[in-house]
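Me: I'd like to go through the charged pairs in this model and hear the reasoning behind each label. Could you take it step by step?

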Amino acid sequence: MTDTVALSPGQATAPARGSRARARTLLNGSMLGLVPFTAYIVLFLALPTVIALVTGFVDGDGAFTLDNIAALGDPVILSTFGNSLWLSALTAAVGAVLGALFCYALIGAKPTGILRSVVDAASGVLAQFGGVMLAFAFVATIGIQGMITIFLRDTVGIDIFANGVWLYEAPGLILPYIYFQVPLMIITFLPALEGLKPQWAEANAMLGGSGAGYWRYIGAPVLLPSFVGCLLLLFANAFSSFATAAALTSQGSQIVPLQIRGALTSETVLGRENLAGALALGMIVVMVVVMALYSLLMRRAARWQR
């Protein structure tokens with residue numbers, strides 16, 4: 001027969017208190033690893049956002065004013081926002097559709113195979129391939145003296161600039177933007193497509209369902225939140241892009257990021273620096289709405305990926 005020794009409450013909880021103390025120590029140590037990231041977010045995201053918000057409500061002397069906000073109703077500013085919105089929406093829609101089709105074609109590929117490795121690596125690189133390098137690539141290929149332009153003009157007899165040099169205007173940004181939107185869609189949407197469980201297709205087949213019925217009643221409803229969320233992410237990506245447009249568009253400020261640059265650096269129109277803050281405020285409002293919807297959709301899509 002085994003004797004049971006009753007421990008006092010202090011004796012019984014002492015090891016537990018020691019474990020909790022060690023856990024708190026480890027947690028506090030691991031939290032130190034977040035300090036550099038937190039400092040980066042504060043310095044390069046939170047602080048510029050606050051400065052943009054504040055400068056939109058003050059004049060050159062630091063006095064409170066609503067003139068900068070009222071300037072957002074200027075027809076030129078509204079046209080600039082309109083250009084940014086349709087350019088972002090168009091390139092996001094085209095990039096989302098092409099990227100989704102590409103992801104669908106990759107379903108049968110082995111996740112650890114050469115094809116998937118090449119596609120994953122290429123998508124990761126091309127999604128970040130923007131700015132001056134991308135602008136130069138398009139100028140060298142389809143610019144006025146680009147390789148393809150000269151070939152089409154001299155060999156085939158097609159002048160792609162017969163109606164104007166569209167490459168250096170807002171419509172000319174469509175192709176470069178799609179160039180990095182498609183790889184971004186592949187990176188973000190492919191995990192959702194891979195989250196479709198084989199058991200769902202097997203259950204559909206056992207119940208006599210067709211392939212079209214599977215996609216209509218199972219695949220499409222499950223993937224729709226992820227697809228729309230990725231579409232919004234692509235929209236935000238295009239709406240906030242600056243470097244490619246700045247390198248490719250030399251005349252005028254046809255989208256909002258270029259209008260902000262013009263307000264800050266223009267040598268012909270002075271005293272409009274704080275208008276850049278109001279423009280940034282407008283962009284922040286659009287981005288907050290888009291990213292809030294994106295977060296909501298991703299939370300809904302996560303239910304099917306558990």
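Reply: Happy to! A salt bridge here is a side-chain nitrogen of Lys or Arg within 4 Å of a carboxyl oxygen of Asp or Glu. Keep in mind that this is a predicted model. With that rule, Asp154 and Arg153 form a salt bridge, because their closest N and O atoms are 3.4 Å apart.

Me: What makes Asp154 exposed, and what is Arg153 called?

Reply: Exposed means over 50% relative accessible area. Asp154 has 54%, so Asp154 is exposed. Arg153 has 34%, which falls between the 20% and 50% limits, so Arg153 is partly exposed.

Me: How many salt bridges does the rule give?

Reply: The count comes to three. Besides the pair of Asp154 and Arg153, there is one between Asp120 and Arg116 and one between Glu194 and Arg116.

Me: How do you know that Asp120 and Arg116 form a salt bridge?

Reply: Their N to O distance is 3.7 Å, which is within 4 Å, so the pair meets the rule. Both sit in helix α5 (residues 114–126), and because they are four residues apart there, about one helical turn separates them.

Me: And why does the pair of Glu194 and Arg116 count as a salt bridge?

Reply: The N to O distance is 2.4 Å, again within 4 Å, so Glu194 and Arg116 qualify. Glu194 lies in helix α8 (residues 174–194) and Arg116 in helix α5, so this pair ties together parts that are 78 residues apart in sequence. Arg116, Asp120 and Glu194 are thus linked in a network of salt bridges.

Me: Within that network, why is Arg116 called buried, and what are Asp120 and Glu194 called?

Reply: Buried means under 20% relative accessible area, and Arg116 is at 7%, so Arg116 is buried. Asp120, at 35%, is partly exposed because the value lies between the two limits. Glu194, at 44%, is also partly exposed by that reasoning.

Me: Let's finish with Asn237. Where is Asn237, and what makes it partly exposed?

Reply: Asn237 is in helix α10 (residues 211–239). Its relative accessible area is 24%, between 20% and 50%, so Asn237 is partly exposed.

Me: Which residues does Asn237 touch, leaving out those up to four places away in sequence?

Reply: Asn237 touches Phe180, Gln181 and Leu184. These count as contacts because heavy atoms come within 4.5 Å. As for Ala92, which is 145 residues from Asn237 along the chain, the two C-alpha atoms are separated by 8.5 Å.

Note on methods: Residues are numbered from 1 along each chain as its sequence is written. This is a predicted model: local features need pLDDT of at least 70, side-chain atom pairs count only at pLDDT 80 or more; totals for chains, interfaces and linings use all residues. Side-chain values use heavy atoms; hydrogens and water are left out. Helices (H or I, at least four residues) and strands (E, at least two) are DSSP runs, numbered from the N terminus. Buried means under 20% relative accessible area, exposed over 50%, partly exposed in between (1.4 Å probe, protein chains only).
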